[in-house]
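Trainee: I would like to go through the descriptive terms one by one and have each set against its cut-off. Can we start once the model is on the screen?

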Amino acid sequence: MSEPVESVDAEMRALVADMIETMYDADGIGLAAIQVGVAKRVLVMDIDQRDGEKNPRVFINPVITWASEETETMEEGCLSVPEIWDDVERPKAIKAEYLDGEGNRQTLEADGLLAVCLQHEMDHLDGILFLDHLSKLKRSIALRKLTKVKKLKKAG
Ligand code: K1U
Ligand code: ZN
């Protein structure tokens with residue numbers, strides 16, 4: 001479980017800059033601090049980067065204040081679970097509050113990929129992976145595939 005950030009200081013800004021670079025290097029659209037070994041409630045996202053321009057967003061101490069009853073299913077992947085993609089059902093729309101990279105309080109209404117990615121990254125802060133949203137059967141198939149992928153990577 002990641003801990004809340006107490007102040008958005010120089011050290012936090014350096015972590016955020018490092019996370020943004022790591023996310024782009026890994027071709028990801030999001031990254032939570034715990035994925036780089038830091039158990040703080042910080043995440044970065046850029047869901048627009050494939051349109052060319054970089055538009056990183058920073059979320060510090062994010063909280064979901066409302067989630068729609070209506071759900072949507074989207075295929076998700078995870079940099080911590082390489083080469084596994086599966087459909088995950090989540091609330092279709094959410095409202096969230098957070099601090100931005102300058103420490104200013106922000107609110108956000110999101111749907112589509114922005115809502116999916118924010119929920120996925122916020123799950124990381126609570127130690128939850130997208131695999132935990134799958135049925136027992138789908139999760140065990142995914143975990144078996146993950147073991148194979150890891151073995152192949154180790155073999156080079
Ligand atoms: O949290 C993470 O591991 C990042 C993850 C975010 C995410 C992706 C899709 C749905 C929900 C959340 C990723 O960025 S996975 C990598 C990815 O999206 C991608 C990588 C290469 C090619 C195309 C997509
Ligand atoms: Zn992930």
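Trainee: What makes the pair formed by ligand 1 and the side chain of His 120 a polar contact?

Mentor: An oxygen atom of ligand 1 is 3.1 Å from an N or O atom in the His 120 side chain. A polar contact is a pair of N or O atoms within 3.5 Å (within protein, one must be able to donate a hydrogen and the other to accept it, and residues adjacent in sequence count only if both atoms are side-chain atoms), so the pair qualifies. A polar side-chain atom of Gln 35 lies 3.0 Å from a ligand 1 oxygen, and a backbone N or O atom of Ile 29 lies 2.7 Å from one. The protein covers 81% of the 540 Å² of accessible area that ligand 1 has on its own; such areas come from the Shrake-Rupley method with a 1.4 Å probe, and for residues only the protein chains shown count as cover.

Trainee: What are the ground rules for these values?

Mentor: This is a predicted model, in which local features need pLDDT of at least 70 and side-chain atom pairs count only at pLDDT 80 or more, while totals for chains, interfaces and linings use all residues. Residues are numbered from 1 along each chain as its sequence is written, chains are lettered from A and ligands numbered from 1 in the order in which they are written, and side-chain values use heavy atoms, with hydrogens and water left out.

Trainee: Which residues come nearest to ligand 1?

Mentor: There are 15 residues around ligand 1, and Asp 27, Ile 29, Gln 35, Leu 79 and Glu 121 come nearest. A residue is near a molecule or strand if one of its heavy atoms lies within 4 Å of it.

Trainee: Why does Asp 27 count as exposed?

Mentor: Its relative accessibility is 60%. Exposed means over 50%, buried under 20% and partly exposed in between (1.4 Å probe, protein chains only), so Asp 27 is exposed. Asp 27 sits in the loop between helix H1 (10–25) and strand S1 (30–32); helices (H or I, at least four residues) and strands (E, at least two) are DSSP runs, numbered from the N terminus. Phi of Asp 27 is near 65°, a positive value in a residue other than glycine. Most residues other than glycine have a negative phi.

Trainee: How do you know that the length of H1 agrees with what is expected?

Mentor: The expected span is 1.5 Å times one less than the number of residues. For the 16 residues of H1 that gives 22 Å, and the end C-alpha atoms are 23 Å apart, which agrees.

Trainee: What puts the buried residues of H1 on the same side?

Mentor: The buried residues are Met 12, Leu 15, Val 16, Met 19, Ile 20, Met 23 and Tyr 24. They cover an arc of only 165° around the axis, which puts them on the same side of H1; the arc is that of the directions from the helix axis to the C-beta atoms. Those buried residues pack against S1, strand S2 (42–45) and strand S3, with contact meaning heavy atoms within 4.5 Å. On the other side, Ala 10, Glu 11, Glu 21 and Asp 25 are exposed.

Trainee: How do you know that the buried residues of H3 line one face?

Mentor: Ala 142, Leu 146 and Val 149 are the buried residues of H3. Seen down the axis they fall within an arc of 65°, so they line one face of the helix. The face turned away carries exposed residues, including Lys 136, Arg 144 and Lys 151.

Trainee: Why is Ser 68 called buried?

Mentor: Its relative accessible area is 11%, under the 20% limit, so the word applies. The Ser 68 side chain reaches the backbone oxygen of Glu 70 at 2.8 Å, and one of its polar atoms lies 3.1 Å from the backbone nitrogen of Lys 92.

Trainee: What makes Asp 132 a different case from a buried residue?

Mentor: Asp 132 has a relative accessible area of 44%, so it is partly exposed. It lies in the loop between helix H2 (112–125) and H3. A polar atom of the Asp 132 side chain is 2.8 Å from the backbone nitrogen of Leu 129.
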